[in-house]
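Reader: I would like a close look at the cysteines of this protein, taken slowly and with the reasoning spelled out. Please then carry on to whatever else can be said about the surroundings of individual side chains.

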Amino acid sequence: MKIPLTINGEKIIIDEDPGEKLLYVLRKRKLISVKRGCEQGKCGMCTVLLDDNPVSSCMIPVGIVKDRSIVTLEYFSKTKDYADIEKGFSSAGIKLCGYCNSFKFFTVYKLLKDNYRPSKEQLLETAAQDKCSCTEQN
């Protein structure tokens, strides 16, 4: 099935089974920031922005992303938002293991997008969502 969508700012048409998970479609396109983890939407390793909202790409059939926008960490890492969040992580002593970076960046991005000055409670709630299972837990 031909599916028009935007990946990292590029409008394309892909030819995929509509039931194929977005995770696999992105990996086929060599977008390696989208990691294959639990494949149950629990680990956060495959997080992408879908229409500016963080989602687990392993749970999204590519057929429902028709005419929508997907952003991966490869693309996002070139933005000012990424630089600002990275600076905040560094200042806070937050370690980035490489596996769940997209989850961390995209959940913080969403928090800041929705709340210009988040409260301490909102920050703690967002931090508690961290699903990373690496040995460098923060």
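Author: In this predicted model, the sulfur of cysteine 43 lies 3.8 Å from the closest cysteine sulfur, which belongs to cysteine 38, and that is too far for a bond. The cut-off that decides the matter is 2.5 Å between the two sulfur atoms, and the structure as a whole holds 0 disulfides. Seen from the other partner, cysteine 38 is likewise in no disulfide, with the sulfur of cysteine 43 as its nearest cysteine sulfur. As for their exposure, cysteine 43 is buried, because its relative accessible area is 12% and the limit for that class is under 20%. Cysteine 38, at 30% relative accessibility, counts as partly exposed.

Another cysteine, Cys46, appears among the contacts of serine 57. This serine is placed in the loop between strand E4, residues 53-56, and strand E5, residues 69-71, and it counts as buried because its relative accessibility is 0%. Leaving aside residues up to four places away in sequence, serine 57 touches Lys21, Leu22, Leu23, Leu26 and Val34, as well as Cys46 and Val48.

The aromatic side chains deserve the same care. The structure holds 5 aromatic pairs. In one of them, phenylalanine 76 and tyrosine 82 have ring centres 6.2 Å apart and planes at 80°, so the pair is edge-to-face. Phenylalanine 76 is buried at 4% relative accessibility, and tyrosine 82 is buried with a relative accessible area of 13%. Phenylalanine 76 also forms an edge-to-face pair with phenylalanine 106, where the distance is 5.1 Å from centre to centre and the angle between the planes is 70°. This second pair links distant parts of the chain, since phenylalanine 76 sits in helix H2 (residues 73-76) and phenylalanine 106 in helix H4 (residues 101-114), 30 residues apart. Both of these phenylalanines, 76 and 106, are buried. Phe76, Tyr82 and Phe106 belong to one aromatic cluster, which also includes Phe89, Phe105 and Tyr109.

Finally, to turn to the start of the chain, strand E1 (residues 2-7) pairs with strand E2 (residues 10-15) in the antiparallel sense over 6 bridges. The two strands form a hairpin with 2 residues between them, and asparagine 8 in the turn has a positive phi of about 50°. Within this pairing, proline 4 stands opposite isoleucine 13 in E2.

How values were computed: Residues numbered from 1 in each chain as written. Heavy atoms only, no water. Pairing = 2+ DSSP bridges. Helix = DSSP H or I, 4+ residues; strand = E, 2+ residues; numbered from the N terminus. Buried < 20%, exposed > 50% of the residue type's maximum accessible area, 1.4 Å probe, protein only. Contact = heavy atoms within 4.5 Å. Phe/Tyr/Trp six-rings, centres within 6.5 Å; stacked < 30°, edge-to-face > 60°.
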